[in-house]
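Q: Can you walk me through this one? I'm new to reading structures, so keep it short.

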Amino acid sequence: MALGRREFLKGAGTCVGGASAIALGFAPPQAFAQETRQYKLLRAKETRNNCTYCSVGCGLLMYSLGDGAKNAKPSIFHIEGDPDHPVSRGSLCPKGAGLVDFIHSEGRLHYPSYRAPGSKEWTRISWEDATDRIARLLKDDRDKNFIEKNEKGETVNRWLSTGMLASSAASNETGLLDFKFARSLGILALDCQARLCHGPTVSALAPTLGRGAMTNNWVDIKNANVVLIMGGNPAEAHPVGFKWVMEAKIRNGAKVMVVDPRFNRSAAVADFYAPIRAGSDGAFLLGVINYLLTHDKIQHEYVKSYTNAPFVVREDFSFHEGLFSGYDAEKRSYDKSSWAYDRDAQGYAVVDPTLQNPRCVINLLREHAARYTPEVVAQITGTPEQDFLHVCETLAATSAPDLTSTILFALGWTHHTNGTQIIRTAAMIQLLLGNVGMPGGGLNALRGHSNIQGYTDLGLLSLRLPGYMNLPKDSQQTLDGYLQAVTPHADEPGQVNYWHNTPKFFVSLMKTLWGDHATPANNWGYDWLPKWDRSYDMLAYFEMMHQGKVNGYIAQGFNPLAAMPDKNRMRDALSKLRFLVTMDPLDTETSNFWQNEGTFNDVRSEDIQTEVFRLPASCFAEENGSIVNSARWLQWHFEGARPPGDAWNDGHIIGTIFTKLRALYAKEGGVCPEPVLNMQWNYKDPEDPTPEEVAKEANGYALADITDDKGHVVVRRGELLPDFSVMKDDGSTASYCWIFAGSWTEAGNQMARRDNTDTGLGTTPGWAWAWPANRRILYNRASLDVQGRPWDPKRQIIAWDGQRWGGGDVPDYPVTSPPNSGVGPFIMHSEGVGLLFAGGDKLADGPFPEHYEPTETPVLASALGKTALRNPAARFYADEKPRMGDPAQYPYVATTYSITELFRHWTKHSRLNAIMQPEQFVEIGDKLAGKLGINAGDMVRVSSHRGYIEAKAVVTKRLKRLNVMGKDLDQVGVPCHWGFKGATRKGYLANTLTPAIGDANSQTPEFKAFLVNVEKV
Ligand code: SF4
């Protein structure tokens, strides 16, 4: 007899109970039957999902059950880890373990509500009235302020007076609808959480390696010989992913090193810990580069063949006193024309394979990094010199072809004005060591939110389009001009230069956006895309809002009052809005920004004239859809219950507002109605598109029979595209996001696959689906030498069989290009190689990285001599200058961080997590505490030039006093989880303290290093 799991458990429970009762010689059969507790999951419905918090993307089994009443809705009463999931293998961390409490949180919103201008309270409103009113407000504002032509008479079709923030945990399908909604209206101020977290990762890794994402995957960490954790704390922020670090340590003998301002929980189980001053990581990493080059600890063959080390740079490129050639101090930006290669007569880059030319990239890099001696690094960073050298030596050992190091990082590197350059330096270290493309190697950017990778992929950022294409700017008035500008030519003959396919991806996007309205005659609707004159990223847009130039704002699954820097100023900015719409499962600080919460939010409600709509949304457990984990895996999840009360799915909310808006335009006309009315929105129910139809749209369809070079039909009209290689630029294919092509094909939903077979080194290509093309390790061709021999036979993940490339992973390479073909492994780059020198327009602040101090720094003169102290290309609004503090008044360096039990500002609504961390605290080193007379548990005030917070002091030895530039320096740790809403005790939003200035490339705010004072209250 075949028994299911539950039948087996039922039977086993009975037998065990029966056997023990009989053994004891009592318990009649009836009593025994009554005493046996029923298996708690009996009759429950099991639904698969993924954790909604961090982007490890742990698998969940959710169990739901009605209460027995007829027509009762199922309710989720138990969640546990999915034992089949190849990453989490049944584990959940304290955050995931509290998910049931999140679903049933008292902070969940059940009904739409409305706050009238000047009011002190919410009133209930129907969906119909709310969506009617919102559609009316949007239309009136758009019609009044839409800009069809700029002052030069160029067609720009943009709407600047209303903006939208997209979520970070909603599904990809919601993200696609967000994009279509916002861009059809001409909104340029469209942004998502990526702006506040991993923006610099994309800005750094794409120019260096070709793509801006985690190169390897969670399980692959186990293959490393060395794990460097710096700029992140995965034991707390990604606990289940961190188990693969422990796997590397225990089973692979890996050396784990942590470099961090705090001796954190990752450090507690590492082999080695080195302290560092927050904000000085760039100097540390440039010191590592100097060490590798001066000690000749690089993987020579890899560097010569797979990086641009031998490329020759133009004579007029230079670097003096912290500035690269072309700097314009007035504009705080560079003319980058000298950041370029020498060119030969055919226009190809000049290369010197002997590396003798002093203008070779490797020689310029050697000279550039030489200033970062161990002594200088120690002075800048406060890291003891011997600790720094230990890290250098350990990493250097992995320059051996058969050893690898992996680097794990997160917001500790991104949250700096210099964040992009910090991450780029790390990527360059990995190129020099030959560790990119290797199993157990790479740059593992640990994404924070569960779908922020997806929202980045989907182009939900001010100047982006899906699949990492750029939105056209004002000067790109014609489709041809735009495509010529964004489609690169090969820098070396014979290279793949995959972005040469950009026209195919772009036209396929346009066919998805405008459907039959996109024709060759109207350049596929090119004019209907809004064109930009400048960035409308969150920092820029809140600055505009503060100046009273913004009327409306939509915050979907986003709590900017808690997430944006300089909270008091952000609250003042929100107060100048005419209307605010929030869509969220939870009652957030943002939707209540007008409420007086005493010292936590001290406002006069009656003075705030903003109309606020608080729309209740479903959460992860109440929808079907896909999210993308940090390793680029698109994982499909299923609805386990309906949302509470009268809450709606996000797609339903967006679909209803958009449908009403379109009806208004159809009836009344208005300004530039074409993009609104022509946007393809042909869902079965336009007010409530299904995730399945949207997911297929993201993948794409053939709009005509697609033939190969020989005229054979490879995809029939109406079929889903099998991958992006079949896309065309003639309007015969439609695909919203080219890198998602292959995620839902004629073979079915690839994202829902559950084959966890290991095809080698922990690779599980049958589980879910990874972009691009289901590759699990990016640049994997670089794991073999030019002849196709693996650098390390134990790590062979792909192989050439004489005809084609194949193996345990999908080759990141043309499958028929044989070894020795001269085709480089970094196929997205026009050079075919990884870039140690990233010239052209790739970076705002230099083709080589340089250490610059945080905007607020205790360091007044650089150990590097006469030099630009702060990032000269970081954008600085005049209004922000008076809000910056100086070290005389604020002598301590503060850094924000997350703790294991809480996730941003969400889990404070979950009872279990609130019990574990009920009250706000700050962390102070014992020496500083002794100096200030502070004992553990005392209330302290931590203040910056922007405001203050008060919290309990946790006094530890984890924050060491450092010696920086000959002076003692103390640091303060500020966890960022509490606020005035939720199940925890009320607390201050930690972002009250942080400055509103961002990374020079991505405008991601500098949350990780700023100046404060500390006093006992
Ligand atoms: S928070 Fe991250 S590590 Fe924890 S259960 Fe959720 S996905 Fe897994």
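**Talking through the model**

A: Sure. Let's start with one residue: Asn-756 is partly exposed, at a relative accessible area of 35%. Keep in mind that this is a predicted model.

Q: Where is Asn-756 placed?
A: Asn-756 is in the loop between strand 31 (748–749) and strand 32.

Q: And how many Å separate the C-alpha atoms of Asn-756 and Met-727?
A: They are separated by 30 Å. Along the chain, the two residues are 29 residues apart.

Q: Why does Asn-756 count as partly exposed?
A: Its relative accessible area is 35%. The partly exposed class runs between 20% and 50%, so Asn-756 falls inside it.

Q: New topic. What is the volume of the second largest pocket?
A: About 720 Å³.

Q: Which residues are the closest to its centre?
A: Tyr-498, Asp-723, Phe-724, Ser-725 and Arg-775. The lining of this pocket has 30 residues.

Q: What classes are in that lining?
A: There are 18 nonpolar residues. Six are polar and six are charged.

Q: How many disulfides does the structure hold?
A: Zero. Take Cys-197, which is in no disulfide. The nearest cysteine sulfur belongs to Cys-192 and is 7.5 Å away. A disulfide needs two cysteine sulfur atoms within 2.5 Å, so that distance is over the cut-off.

Q: What is a disulfide, anyway?
A: A covalent bond between the sulfur atoms of two cysteines.

Q: Is Cys-197 buried or exposed?
A: Buried, with a relative accessible area of 2%. Cys-360 is buried too, at 0%.

Q: On to rings. How many aromatic pairs are in the whole structure?
A: A search finds 51. One of them is Phe-179 with Tyr-736. Their ring centres are 5.6 Å apart and their planes are at 75°.

Q: What kind of pair do Phe-179 and Tyr-736 make?
A: Edge-to-face, because the planes are at 75° and that class starts over 60 degrees.

Q: Where do Phe-179 and Tyr-736 lie?
A: Phe-179 lies in helix 6 (residues 172–185). Tyr-736 is in the loop between strand 29 (733–734) and strand 30 (744–745). So the pair ties together parts that are 557 residues apart in sequence.

Q: Are Phe-179 and Tyr-736 buried or exposed?
A: Both are buried.

Q: What about the rings of Phe-319 and Phe-324?
A: Their centres are 4.7 Å apart and their planes are at 50°, so that pair is tilted. Phe-319 is buried, and Phe-324 is buried as well.

Q: Which residues do ring pairs link into a cluster with Phe-319 and Phe-324?
A: The cluster includes Phe-311, Phe-317, Tyr-327, Tyr-334 and Trp-339. Tyr-341, Phe-837 and Phe-848 are also among its members.

Q: Which ring does the charged end of Arg-142 sit over?
A: The ring of Phe-146, at 4.2 Å from its centre. There is another case: the charged end of Lys-531 sits over the ring of Tyr-526, 4.5 Å from the centre.

Q: Let's switch to the backbone. Which residues does a cis peptide bond join?
A: Trp-771 and Pro-772. Omega is about -10° there. Pro-772 is placed in the loop between strand 32 (769–770) and strand 33 (798–800).

Q: What is phi for Arg-43?
A: About 65°, a positive value, although Arg-43 is not a glycine. Arg-43 lies in the loop between helix 2 (29–35) and strand 1 (45–50).

Q: And Asn-497, what is its phi?
A: Near 50°, again positive in a residue other than glycine. Asn-497 is placed in the loop between helix 19 (479–486) and helix 20 (502–514).

Q: Are those two buried or exposed?
A: Arg-43 counts as exposed, at 64% relative accessibility. Asn-497 is buried, with a relative accessible area of 4%.

Q: Last bit, strands. Where does Val-612 lie?
A: In strand 23 (residues 611–616). Val-612 is buried, at 0% relative accessible area. Its C-alpha is separated by 48 Å from that of Ala-270, and the two are 342 residues apart along the chain.

Q: And Ala-951?
A: Ala-951 lies in strand 38 (residues 947–956). At 2% relative accessibility, Ala-951 counts as buried. The C-alpha atoms of Ala-951 and Gly-98 are separated by 25 Å. Those two residues are 853 residues apart along the chain.

Technical notes. Residues numbered from 1 in each chain as written. Predicted model: local features only at pLDDT ≥ 70, side-chain atom pairs only at ≥ 80, totals over all residues. Heavy atoms only, no water. 1 Å grid on protein atoms, 1.4 Å probe; cavity = no way out; pocket = protein on both sides within 12 Å on 5 of 7 lines; lining within 4 Å. Points joined across faces, edges and corners; volume = space filled by probe spheres on them. Nonpolar A, V, L, I, M, F, W, Y, C, P; charged D, E, K, R; others polar. Buried < 20%, exposed > 50% of the residue type's maximum accessible area, 1.4 Å probe, protein only. Phe/Tyr/Trp six-rings, centres within 6.5 Å; stacked < 30°, edge-to-face > 60°. Helix = DSSP H or I, 4+ residues; strand = E, 2+ residues; numbered from the N terminus. Lys NZ or Arg CZ within 6 Å of the ring centre and 35° of its normal.
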